[in-house]
Amino acid sequence: RALLRRIDVVATVHSSMRNLVARSGVAGSQLRVIPNGVPCAGGELALRERPDGRADGVPVVGFVGRLADGKGVDVLIAAVAQLRERGDRVRVVIVGDGPLRPLLGQRVRELGIEGDVEFAGYVSEAQARMRQFDVLALPSRSEGMPMVVLEALAVGVPVVASDVGGCRDALAGGRLGVLIAPESIPECAEGIRHTLRDERLRGEVRRSG
C-alpha cells in the first residue's frame, strides 16, 4: 500500500480491480482502467470450425488457464461428473498447468471420469486449440478482465463463466454466454448443458463475438 501511494499512475484491467486498489488509499486521479483486448484486425482470428463431424458426437468443453485455486477447475470437474450422472456426456479439455495439476488428476480418478477429461498441459498457441471447443468454461473464484474469455468470443466460442470481475462486461451481461455463481457446481453443469443446446445463443456469439 505504501508503494502504491508513491506511484504516479496505477493501471488496472477492470473497474472492479480499480475499486480494490482505491480501497488501498490510492487517489482516484492516479487510477486508470485499460481493458484487456485481443487482436482481430485483418481476419487475424478466424472463426472456429464447427466440430459437428466428430465421430463420437461428444461435445467438447474447454478450459484454458493456470491450474490454481482461483480458477475453479475443481468446480468444472465436479460439474462434468454431475452431467454424466444425468446422462449428458461431455469431453473436457484442460489447457494449462499449475500447482493443482496432481490434485485435479486425483479428483478425476476418484469421480471415475478419466475417459472424459484430458489434461493437455501448457500449449503455446492455446487459441488454436480453442477453435475446437463447443463451449469455454471459466468457473473462476476471482478475475480481472480474463483474456481467455475475449479470445473465445473472438473465434465464436460461447462461454460459461463465473459472475466475477469483468466477466459480466465481457459477456455483454449474459448475451454472449452464461454467467454462474462462483463455487456453484450445479450452476456450472446447467450452464454447460444450456449452452450446448441453445442454438440461438451460439448463433449470437458467432455474429457478435
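## Serine 162 and its polar contact

A polar contact here is a pair of N or O atoms within 3.5 Å; within protein, one must be able to donate a hydrogen and the other to accept it. Keep in mind that this is a predicted model. With that in hand, take serine 162: its side chain reaches the backbone oxygen of serine 140 at 2.8 Å.

Serine 162 sits in strand E7. Its relative accessible area is 0%, so serine 162 counts as buried. Leaving out residues up to four places away in sequence, serine 162 touches Leu138, Pro139, Ser140, Cys167, Leu179, Ile180 and Pro182.

## Helix H8 and its buried face

Helix H8 covers residues 185–197, which makes 13 residues. From its first C-alpha to its last, H8 reaches 19 Å, close to the 18 Å expected at 1.5 Å a residue. At its start, a side-chain oxygen of serine 184 comes to within 3.2 Å of the backbone nitrogen of glutamate 187.

Which residues of H8 are buried? They are Cys188, Ala189, Gly191, Ile192 and Thr195. Looking down the axis of H8, these buried residues fall within an arc of 160°, so they line one face of the helix. As general background, an α-helix has 3.6 residues a turn, so residues three or four places apart point the same way. The buried residues of H8 have plenty to pack against: strands E3 (60–64), E6 (135–138), E7 (159–162) and E8 (177–180), plus helices H3 (73–85) and H9 (199–208).

## Leucine 83, on the H3 side

Leucine 83 belongs to helix H3 and is buried, at 1% relative accessible area. Setting aside neighbours within four places in sequence, leucine 83 is in contact with Asp88, Val90, Ala189, Ile192 and Arg193. Of these partners, Ala189 and Ile192 are among the buried residues of H8.

Arginine 193 makes a nice long-range pair with leucine 83: they are 110 residues apart along the chain, yet their C-alpha atoms are separated by 7.8 Å.

## Helix H9 and what follows

Next comes H9, where a side-chain oxygen of aspartate 198 caps the N-terminal end, lying 3.1 Å from the backbone nitrogen of arginine 200. The buried residues of H9 are Leu201, Arg202, Gly203, Glu204 and Val205. Note that charged side chains are on that list, with Arg202 and Glu204 both buried. The buried residues of H9 pack against E6, H6, E8 and H8.

Glycine 209 lies in the segment after H9 and is partly exposed, with a relative accessible area of 47%. Beyond its neighbours within four places in sequence, glycine 209 is in contact with Leu153, Ala154, Leu176 and Glu204. Glycine 209 and valine 155 are 54 residues apart in sequence, but 7.4 Å apart in space, C-alpha to C-alpha.

## The largest pocket

The largest pocket has a volume of about 220 Å³. It is lined by 14 residues, and the closest to its centre are Val64, Gly65, Arg66, Ala126 and Val148. Helix H6 (residues 147–154) gives the largest share of that lining, with three residues.

## Two positive phi values

Most residues other than glycine have a negative phi. What is the phi of alanine 172? It is positive, at about 55°. Alanine 172 is in the loop between helix H7 (167–170) and E8, and it counts as partly exposed at 35% relative accessibility.

Glutamate 183 also has a positive phi, near 80°. Its place is in the loop between E8 and H8, and glutamate 183 is partly exposed at 47% relative accessibility.

Conventions
Residues are numbered from 1 along each chain as its sequence is written. This is a predicted model: local features need pLDDT of at least 70, side-chain atom pairs count only at pLDDT 80 or more; totals for chains, interfaces and linings use all residues. Side-chain values use heavy atoms; hydrogens and water are left out. Helices (H or I, at least four residues) and strands (E, at least two) are DSSP runs, numbered from the N terminus. The expected span of a helix is 1.5 Å times one less than its number of residues. Buried means under 20% relative accessible area, exposed over 50%, partly exposed in between (1.4 Å probe, protein chains only). The arc is that of the directions from the helix axis to the C-beta atoms. Contact means heavy atoms within 4.5 Å. On a 1 Å grid over the protein atoms alone, a cavity is a set of points where a 1.4 Å probe fits but cannot get out, and a pocket is an open set with protein on both sides within 12 Å along at least five of seven lines; lining residues have an atom within 4 Å of a point. Grid points are joined across faces, edges and corners, and a volume is the space filled by probe spheres set on the points.
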